[in-house]
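Q: I have a model open and would like to talk through how its chains meet. Could you start with the terms?

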Amino acid sequence: MGQLNIAVIIKLEPDFSEGNVSYNPDGTLNRAETKNTLGPHSAIAAHAAFFGKVMYDAKVSIGTMGPPIADLALQQAQQISDAEELHLYSDRIFAGADTLGTAEVLKTGIHKMKEKMDIVFSGHRASDGETGQTGPQTAWKLGFTFLGNVISYTVDMETRTLRAKRLISLQGTPNIIEEIEAPLPVFISIDPTYKSSFDKVSQRLAFHKYQKEAAERADNYKDYFTMFNAKELGVDETLVGLPGSPTIVYKVERVPKSTATRKAEVVDGSDPEQIKKVVARMKEALDAMVIK
Amino acid sequence: MAEQFRHLYVVIEHEDGEFLPVSLEMIGEARRLMDDFNSKYSSKEKVVAVMLGHNIQDTSKQLIGYGADAVIYCDNPELKDVRNTIHTKIISQIAQDTETLGEIEVEYAIDIQRPRYMFFAADSIGRHLSSTVLTELESGLASDINQLVIEDIEMSHQQKTGGKKETYEKTLEMYRPDFSGFLWTTILCLDNRNPAFPRYYHPQSCSIIPGVFELPKSDSSREGKIIEFVPTIDTEDLRVKVLGREIIESEVDFETPRTIVSFGRGIKEEPEQNIKLVEQLAKELNGEVGITLPISKKPYPISSSLDAKYMIPDRVIGTSGHKTSAMLYIAAGVSGAMQHVWGMKDSGFVVAINPDEDAPIKDECDVFIKGRMEDVIPLLIEEIKKQIQIVETV
Amino acid sequence: MAIIGGGSAGLSALKQLSNLGKQAILLEAGSEIGAKNISGGILYSKKPQKGTVTNVEDVYENFLNDAPFERKITKYILHSTSKDKVYSMDLTAAHDYQSNFGYSVLLNKLNSWFAKQAIESAEKLGGGIIPGVHVKSITWNESGNAIIQTDELDEFEVKAVIAADGVNSEIADMVGARPKFTPTQLYQGVKVIVKLPEEIIEKRFGISSDEGVAHLFAGDVTLNHIGGGFLYTNSDTLSVGAVYHYHSQITNPSEPSALIDALLKNPMISEFIKDDVPIKSKIDKSLPQEEQLRIRFAMAKQIKNWNEIRFSYLSSSGRQRLIDSGKYKTDEDIKTRLDGIENQLTKLGVSFGSDYVEAEYGAKLVPDGKRCRMQKPFFKNILFVGDAAGRGVFVGPRIEGLNVGIDDGVRAANSVARAIDKNDFSANSLGEYYSKETENSPYTTDMKQIDKNYLKIFLDATKDIPKDIIGSRYGPILKMMSNEKLRGIAVKFANILGYEKLLPMLESEDTYVKIPIQLAERLGETVFRSYSPSIPSISDRIGNLSYNDDNSSHIKVLNPNSEFMKKMVTLCPAKCYTEEGGNVIIQHEGCVDCGTCSQETEWKHPRGEKGIHYKYG
């Protein structure tokens, strides 16, 4: 019945809330002027790790690849998950990486954590970028079973297996909740609708105890923090950063049809001629390509 | 080296013996792309559908009619439910299996190593599957794509080309909308031609947003190859057990339809009749019916069947319910409360029907039809019958 | 041992139980302590001449040091209003009667602090506070233990329960301990928080940083209701509100937000709440969409900065904090930065003018202990404290609930501790003992009898009122009351008759409306208003509050066509009720759980973490 070791990989992202976000004249994000914060999906992953802490007295570690200021995200994640190990993987050569290059860094970083991991959590996606690829790619490189869209989980500490419920949304079919069982270690990409549930008084009290501990630790996060550059991490330089990234951003253009607030054409509902014109416009809209 | 990578592989998703619409949409777009490609480059590369599952042999044949030139299927009881590990392993095996690749196009059997391009669906399954497959294949993936172009690209890039000008032939330009909704980012998966760390990266892959591309029509006269793939299965890859699957009953589907017709408290005068009008309008446009939050509280007495069907929280569009980006959104008798507007403002074309010109919805729509819905909707229905024919979706 | 309800009373019980070495858990429905609490409010510490009470500083040793309160009230003034005329009477002596202190408080902050203290001791004994849990039923097993069923947790068993779940106590209702309070037994309180920088408050009200004032209002501002308005100074906010006899609202319904507006529009009050505010200009619609968006976000960001820095700048501790943070070297640096932001805002088209800034709107029912206190505040092994037991003190301008709850909490905790030691939780042992304890409370005495000394102070304060204004009704009585000997007899007589018989006369339109209006018109001074406050609409007020709405309604309408429910359309402070074709229907989103409609509804609190979440309280 050994220790349960949990890692969370997180991301520092722009804070999109009003009052914190800044936009350029062309409507694009002004990153320089926008505050950064722990990404919302990363935060949910941290909550999922905290569930493991409360229920199974797990040890939680957190890792992120980013610039030196990403230690803010680590501190915030520690506050949520009561983590005892914070890793920042930061080096110029990591820059420009696509998800494959990032996954290589994270995989190497997770191997450098003190304990051998039983569960690694990641958020469903980043709120900027939004590919949702980094999690599964890191999982594959680690050789862990990948489970996506997890909405709840429990661990059988005796048999070292995990049971989880996943939410599967496919187009054209109703949503499915799938219950699965897998031996540890696993990599879980947590669904945005994940909810921790603590049903017993004793669990609620433990929750509170660890929450307090988390706040104290986060206040002194530097005691738990290590930063690694490429050399210290021991990465293969051809597999990280731009050199290790198959994909690049080629260009960025304005979307042809803007979905900002509209100017309405007012039409008399009793005039059949005008109705005809409206329906013609409706048809045009249905024929055009959707931009989501 | 040029003929190491040929063809476009499309990973098919299916549920209960039916193709998910996105699978066919991908085949349709793949067909279009490769027809252009073959004409532009005087080539004969193929659209190849890849399908894993159990008892799928017969179904897989239909893919030829929708536009595939070949279907590689793998039929095994272990593949009944999609489990990431085993599916990733097998798809990766298929993508690297020179024998299968050779069968598709015998002329290039000796040289061909992998597909040139690969498509997945951008849904719960495909997003993750594409990520792990491309990690196994050590190549590039762009996700949530809604436009594709194949071109020769001339460029110089510090890392990719070492600063020299290079021409990347037959490159797949993958367009994805960014999070702000204002920008379109184009992603390329390119070989490293930088002498410091040369590498090839194929297949160029992407996951495609459902509902973006047209559903193709089936042409039974089309012919193609059906190839069975027998995988190498390692029991280590089968350790995930699916204990059960529960369908969350939701009558309401706001994802698939391109049109949503919502009603609000404007039905007040004749609730029963007005709801039926809205129903009819939605039917004409093959759309789904949504409601505003107050309606879910059942404020007006109507027949219990209509009540149970429409005045339910599951139909709410807004902050307490669903967010939609339907192409056509019709708001009938909706005043335009902020919570509701939040749920529908990303729609493509918005039509509001309301007798009150001061209703806030006027600032959130493209056409404001001034009038009562009981008068306007019948006129609309008539006109729609004349002008618009909606193709039935699968 | 479980305590249900994390308000001041429940937390006091938890702290006391911990002080006595007894393990207990406290269940709170809000997502955190303080989320669902609201008070006028002033927290008193009293020193009654007869009997003893446990005050807040006795329960929490570091209360005075840590100071989780706003300001010490050092002046207490009653204003009679009529249009723009005001007649003011200093009632500080009445406020100070038998009082150690009165501090203005904001309950979210106060109760959060209480919770922090209580948790530390409770956790050492294996107990604690569990937020986000809503009790839905209580049953008993053969051994007499209570089984608590909640929406969120597996059920569990306890030996005793302290019900501290407020005026709308669901516990009282679900076990049948007492009937629901009726409008004649209740007051409806409604208030807003107004933001005002610290040093502006101090300058305007003529107080130092250690002082505060309480202003009360009667007269035309009450819109003919029985009760009064209040304005209390907090550190950098004001609590402005009104408490009216609920029965008077039933007779003559006024929208609660209209009652607040009447106060805010009164010239004296509008001058009190005035501040310098940025006025956003309309963005030029002819500009490209993206430019409009950029301007909008830039304005929002700069206004946020301006507010934050200005509030810190106009506070000595705020300035110190900014300098300590290292961002600024001197006070002048801060001012320079502030001026810089103002310039930027002006460039964006923002101007500055006079108005007031409203931060939070809220409402709650308050029980009038004189009319509805539980004679025996227990049921089986459940003890009721504070508002849940209907124990609010209301005597003229004297309104006390927090201190009563705290004292009750201690009495209940002591009773439970005793029962634990004797291992006897039966009604005879636990319930009856606690009942006696509350009977002995000086607060209970104030709910039963007139205190002639308080009366004297009150009379002295109002002695300058011309006799003819008082009218024939009160004249002889007041004359009698002014005479010491006669006063003693009169009060004794009144107390024998029963408080309730006198009440209709004491608490009447004459007392609260007509006489103050006459006073103001005859003797009042004119107050000039320098601006017109822009008052938010009720939908803005509700829209501004934080909610976590549940899917289904926590309140069910039982009788959609009754007269009472029809009045709810006006009287619900959050406008949750509308009338459609003769039926009253509820839209529960936006409900503030005040209890106004509880009489004729199946009234419950929302499930755990759901519903209203007050930031100030």
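A: A salt bridge here is a side-chain nitrogen of Lys or Arg within 4 Å of a carboxyl oxygen of Asp or Glu. This is a predicted model, in which local features need pLDDT of at least 70 and side-chain atom pairs count only at pLDDT 80 or more, while totals for chains, interfaces and linings use all residues. Residues are numbered from 1 along each chain as its sequence is written, chains are lettered from A and ligands numbered from 1 in the order in which they are written, and side-chain values use heavy atoms, with hydrogens and water left out.

Q: How many salt bridges are found across the interface of chain B and chain A?
A: The rule finds three across that interface, and one of them joins the side chains of A:Arg125 and B:Asp144 at 4.0 Å, N to O.

Q: Which helix gives the most to the side of chain B that touches chain A?
A: Helix H5 of chain B, residues 124-136, does so with nine residues (helices are DSSP runs of H or I, at least four residues, and strands runs of E, at least two, numbered from the N terminus).

Q: How many residues does the contact take from each chain?
A: With contact meaning heavy atoms within 4.5 Å, chain B gives 103 residues and chain A gives 84 residues.

Q: And strands, which ones pair?
A: Strand E12 of chain A (residues 247-254) and strand E10 of chain B (residues 183-189) pair in the antiparallel sense over seven bridges, where pairing requires at least two DSSP bridges between two strands. Within this pairing, A:Arg254 has B:Leu183 as its bridge partner.

Q: Switching topic, what phi does A:Asp82 take?
A: A:Asp82, just after H2 of chain A, takes a positive phi of about 60°.
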